[in-house]
Amino acid sequence: MKSVGLFHRLSTIHRQIPASPAVKFLKHSYNLDQTQPMCIFSEEPELKEFIDFIDNLKNYEKAGVPKGAGTDSDDGFDLGRMRRLMQLLGNPQCNFKAVHVAGTKGKGSTAAFLSSILRAQGYSVGCYTSPHIRTIRERITLGASGDPIPAKTLNHHFQSLRMVLEKAIELENGCLSHFEVLTAVAYSLFARESVDIAVIEAGLGGARDATNVIPRSTLAASIITSIGEEHLDALGGSLESIAVAKSGIIKDGRPLVLGGPFLPHIERILRDKACSMSSPVVSASDTGNRSTLKSLDRMSGRPFQYCDLVLQIEKDLQLFIELFNVKLSMLGHHQLKNASTATCAALCLRGQGWELSDESIRAGLENAFLIGRSQILIQNEAERLGLSGATILLDGAHTKESARALANTIEMAFPKARLVLVVAMANDKDHLGFAKELLSARYLEAVFFAEASIAGEKSRTASASSLRGSWTQASRELGIDIRDYVNEPEVKDLNLNHAERSERQPILFAEGSLMASIKAGGQMLGPGSGCQTGVIVVTGSLHIVAAVLGSRQG
């Protein structure tokens with residue numbers, strides 16, 4: 001049996017389910033309607049020339065980032081190259097206001113929250129993020145809707161810039177990268193469309209990131225969400241060097257919003273840099289700020305969380321807001337932190353004269369949705385993947401910190417559920433740390449190891465067998481008994497009957513086929529599960545999320 005495409009058949013779902021932020025996003029982003037479900041499993045034909053053009057450039061998402069590339073040193077990316085490209089394009093980054101967001105984790109979600117707040121007030125907003133899940137158009141959103149840029153618009157703008165881009169590539173001896181050119185195209189679009197403000201997510205680090213050509217004169221605020229150990233080699237090898245790299249987005253006199261909480265010496269690095277730049281600092285983690293996750297509820301099977309946000313800033317800037325019973329569709333304590341950080345940024349903008357009502361801040365937080373982050377496919381959606389009787393949770397977690405956040409979200413949303421994990425990761429991640437966080441959180445009935453292409457290539461894909469090895473080591477170090485089906489060739493050949501499942505130990509084995517692993521998980525959580533909810537958690541990278549959402553069944 002071939003796999004079912006979730007999006008291919010979502011045309012019937014929105015007739016059955018109220019228009020939650022998730023459903024609105026999917027419908028608007030992928031043109032899903034009752035009569036013309038759209039296939040999104042490859043880029044649109046209109047974008048072929050653009051995709052071919054940038055795919056001929058160096059792509060560090062596919063190849064991996066060189067050592068030291070994100071540091072402000074001789075080993076770092078040449079930001080001068082990006083500045084020369086922008087000059088050839090007429091310096092479009094000088095023609096719109098911007099908020100620049102950096103951080104190890106949470107920057108994409110924070111950008112989504114802040115963009116949604118600004119749109120709720122009626123502003124025309126540009127948003128630039130990475131990576132994308134199914135189409136490169138997701139990286140650039142324009143206007144008041146928050147939808148990915150239309151293929152026709154992106155292609156037309158690329159064609160208008162093509163001669164300049166080709167000249168720039170020639171002048172730089174072919175050294176311009178995929179990310180640099182895409183960033184330049186986004187900035188040029190924002191300027192051409194005269195957006196009121198753009199929210200820009202940094203790619204790697206901050207100081208030498210291609211996005212960091214925004215001048216002080218147009219920067220409304222900088223945001224640093226968190227500091228963690230991801231991309232250690234590329235960012236200097238220590239938490240301290242990572243903090244220094246990310247502090248490179250701070251500009252003279254422009255406010256800095258900190259997410260956090262940070263280790264004290266790491267926060268000191270960020271605050272010292274801000275002080276040296278005469279930049280006021282607002283911290284979402286200050287003791288005067290009380291953000292509380294109160295309860296979880298469901299609508300049409302989809303969970304959401306009620307939260308209170310009480311933010312009172314008195315140092316550097318005086319800011320205040322009280323929002324009670326905010327209904328967030330983006331789940332978890334970590335998303336509440338991201339919502340608080342985005343709200344602090346919104347208050348900074350309000351202090352600069354931007355019109356942002358409390359009602360718009362609330363509406364923006366409640367409407368925000370980001371595909372592949374604690375995204376839950378309820379049972380009728382799972383059935384469209386060829387599964388029944390199980391809920392599927394998709395999450396792009398790929399660090400030990402994000403694994404811990406995922407575990408907390410699962411515990412909150414599904415405290416009594418039977419759990420099966422399907423994991424696929426890039427080969428440059430901390431597989432052992434990731435495994436320990438999820439294995440130590442609660443009992444897992446099985447962990448299935450799969451493989452997913454990274455940015456369309458296999459060069460950075462971790463093999464299923466290497467993942468199994470890391471999880472076996474983690475189990476051993478944690479004193480958890482396992483059964484290892486490493487010699488079994490296919491999931492379908494395993495005997496997964498209920499009597500075998502009743503033993504309280506995880507089952508680990510390697511399997512290269514993603515959909516076969518998910519189907520095996522569905523079999524385990526199917527007959528015999530009684531009244532308990534069965535949840536299949538698909539995680540390890542945003543690329544495995546993309547693979548699931550792009551699957552189909554004939």
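## Exercises on a predicted model

The buried residues of helix H15 are Ala464, Leu467, Arg468, Ser470, Trp471, Thr472, Ala474 and Ser475. The structure is a predicted model.

**Exercise 1.** Find whether the end-to-end distance of helix H15 agrees with its expected span.

*Solution.*
1. Helix H15 covers residues 464–478, which is 15 residues.
2. The expected span is 1.5 Å times one less than the number of residues, so for H15 the span should be 21 Å.
3. The end C-alpha atoms of H15 are 21 Å apart, and therefore the two values agree.
4. Just past the end of H15, Gly479 has a positive phi of about 70 degrees.

**Exercise 2.** Decide whether Val281 is buried or exposed, and list what Val281 touches.

*Solution.*
1. Place the residue: Val281 belongs to strand S7, residues 281–283.
2. The relative accessible area of Val281 is 6%. Buried means under 20%, so Val281 is buried.
3. Leaving out residues up to four places away in sequence, Val281 touches Leu256, Leu258, Arg271, Ala274, Lys315 and Asp316.
4. For a distance, take Leu270: Val281 and Leu270 are 11 residues apart in sequence and 9.4 Å apart in space, C-alpha to C-alpha.

**Exercise 3.** Describe the largest nonpolar core and the surroundings of Leu365.

*Solution.*
1. The largest nonpolar core has 75 residues, and Leu114, Leu118, Leu365 and Trp471 have the most contacts inside it.
2. Helix H10, residues 333–351, gives the most to this core, with 9 residues.
3. Apart from neighbours within four places in sequence, the contacts of Leu365 include Phe113, Ile117, Leu309 and Ala339.
4. A second, separate core has 43 residues, among them Leu47 and Val185.

Technical notes
Residues numbered from 1 in each chain as written. Predicted model: local features only at pLDDT ≥ 70, side-chain atom pairs only at ≥ 80, totals over all residues. Heavy atoms only, no water. Core = buried A, V, L, I, M, F, W, Y, C linked by side-chain atoms within 4.5 Å. Buried < 20%, exposed > 50% of the residue type's maximum accessible area, 1.4 Å probe, protein only. Helix = DSSP H or I, 4+ residues; strand = E, 2+ residues; numbered from the N terminus. Contact = heavy atoms within 4.5 Å.
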